[in-house]
Amino acid sequence: DCCYVKGSLESILDHCGSFTVDTKMMRGAAAGASPSMIRTAVLSDKERGHVQEAARNMAMKGLRVLALAHGPNANDLTLDGIVGMTDPPRVGVAESIATMKACGVRVCMITGDARETAESIASQLGFYDTGACLSGAELCKMNRAELEDRVREVVVYYRTSPRHKLAIVQALQANGEVVAMTGDGVNDAPALSAADIGVAMGLSGTDVAKEAADMVIMDDDFTTITAAIEEGKGIFYNIK
């Protein structure tokens, strides 16, 4: 028996003791050849460093990096390679974020991606300041007061889980912030529900996310949120 796994490089690499060195045989395995026919080599510290460096270079270009491996079980794996997938920001998002910032709205990113990927995308969108980032692992080590202090300056959160997203929303609220949270997946539902304004995606969003949200964006376009804020401000100032 053989299992095939994929995931973040850091979660896969620790369970790999070897790596595939013959890609032709690997393609043969994908076509039905026995995994035992694949030529492998010991994954030394030097080779691990090469893989990690390659993954960092891909992530710094804004690519989402996945590791692929196989083995008799999830704790005894052979690394088959890494792949980078691009999911570039939509046209107009950077301009919308600039408009939000001009209106006094602070934009933050909460993602499960690696730090380099998150930093690259946030930089492309124009709201990342060097050093103002926090990982889910670092967040777990903080008490409530420490987190409430850190969220005042952090704009990029990476390698996060649903409970991290919820904790971030609650920490911002504890600081007196009015928090709008956007999301489309089941894992976003707790934070969407806790936020002052939960915003779900109408096209790609799950039913769970839509039910947890206060508002649903029917075109999945970030610029629509900017338009909604401008409309809301106009109504507020007219009433005032």
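Me: What does glutamate 53 count as at its relative accessibility?

Reply: The general idea is a scale with two cut-offs: a residue under 20% is buried, one over 50% is exposed, and one in between is partly exposed. Glutamate 53 has 37% relative accessibility, so this residue counts as partly exposed. Bear in mind that the model is predicted.

Me: Which residue forms a salt bridge with glutamate 53, and how far apart are the closest N and O atoms?

Reply: The partner is arginine 56, and the closest N and O atoms are 2.8 Å apart. Arginine 56 is also partly exposed, at a relative accessible area of 34%.

Me: Why are glutamate 53 and arginine 56 separated by about one helical turn?

Reply: Both sit in helix H3 (residues 45-59), and they are separated by about one helical turn because they are three residues apart there.

Me: How many salt bridges does the structure hold?

Reply: There are eight. One of them can be read within a single helix, as just shown with glutamate 53 and arginine 56 in H3. Others need a look at two parts of the chain. The side chains of arginine 64 and aspartate 87 form a salt bridge with an N to O distance of 3.7 Å. Arginine 64 belongs to strand S4, while aspartate 87 is in the loop between S5 and helix H4 (93-102), so this pair ties together parts 23 residues apart in sequence.

Me: Which other residue forms a salt bridge with arginine 64?

Reply: Aspartate 113 does, with its closest N and O atoms 2.9 Å apart. This pair links distant parts of the chain, 49 residues apart: aspartate 113 lies in the loop between strand S6 (109-110) and helix H5 (115-125), and arginine 64 in strand S4. Through shared partners, Arg64, Asp87 and Asp113 are joined into one network.

Me: Which members of that network are buried, and which are partly exposed?

Reply: Apply the scale again. Arginine 64, at 34% relative accessibility, is partly exposed. Aspartate 87 is partly exposed as well, at 45%. Aspartate 113 is buried, with a relative accessible area of 13%.

Me: How do strands S4 and S5 run where bridges join them?

Reply: The general idea first: strands of a sheet pair through backbone hydrogen bonds, in either a parallel or an antiparallel way. Here, S4 and S5 run antiparallel and are joined by eight bridges. A hairpin of two residues connects S4 to S5. To find one bridge in the model, look at alanine 67, whose partner in S5 is isoleucine 82. S4 (residues 64-73) also runs antiparallel to S1, with five bridges between them. One place to look is cysteine 3, whose bridge partner in S4 is glycine 71.

Me: Which residues is glycine 7 in contact with, leaving aside neighbours within four places in sequence?

Reply: They are Ile12, Val65, Leu66 and Ala67. Glycine 7 is in strand S1 (residues 3-7). Its relative accessible area is 14%, which makes glycine 7 buried. The C-alpha atom of glycine 7 is 7.0 Å from that of leucine 68, though the two are 61 residues apart along the chain.

Me: What does leucine 68 form together with Val83 and Met85?

Reply: Leu68, Val83 and Met85 form a nonpolar patch on the surface, with a combined accessible area of about 210 Å². Methionine 85 is located in strand S5 (residues 76-85) and is partly exposed, with a relative accessible area of 41%.

Me: Where can I see parallel pairing?

Reply: Look at the open sheet of three strands in the order S9-S10-S11. Its edge strands, S9 (180-183) and S11 (215-217), each pair on one side only. On average, neighbouring strands of this sheet are turned by 25° against each other, direction ignored. S10 (residues 197-201) pairs with S11 over three bridges, and valine 199 stands opposite methionine 215 in S11.

Me: How many helices and strands does the protein have?

Reply: There are 11 helices and 11 strands. The C-alpha atoms fill a box of roughly 75 × 35 × 30 Å along the principal axes. Of the 240 residues, 37% are buried.

Terms used. Residues numbered from 1 in each chain as written. Predicted model: local features only at pLDDT ≥ 70, side-chain atom pairs only at ≥ 80, totals over all residues. Heavy atoms only, no water. Pairing = 2+ DSSP bridges. Helix = DSSP H or I, 4+ residues; strand = E, 2+ residues; numbered from the N terminus. Axes fitted to C-alpha atoms, helices over the stretch in contact; angles between N-to-C directions. Patch = residues over 30% accessible without salt bridge, like charges linked within 9 Å, V, L, I, M, F, W, Y side chains within 5 Å. Areas by Shrake-Rupley, 256 points an atom, 1.4 Å probe, with all protein chains shown as cover. Salt bridge = Lys/Arg side-chain N within 4 Å of Asp/Glu carboxyl O. Buried < 20%, exposed > 50% of the residue type's maximum accessible area, 1.4 Å probe, protein only. Contact = heavy atoms within 4.5 Å.
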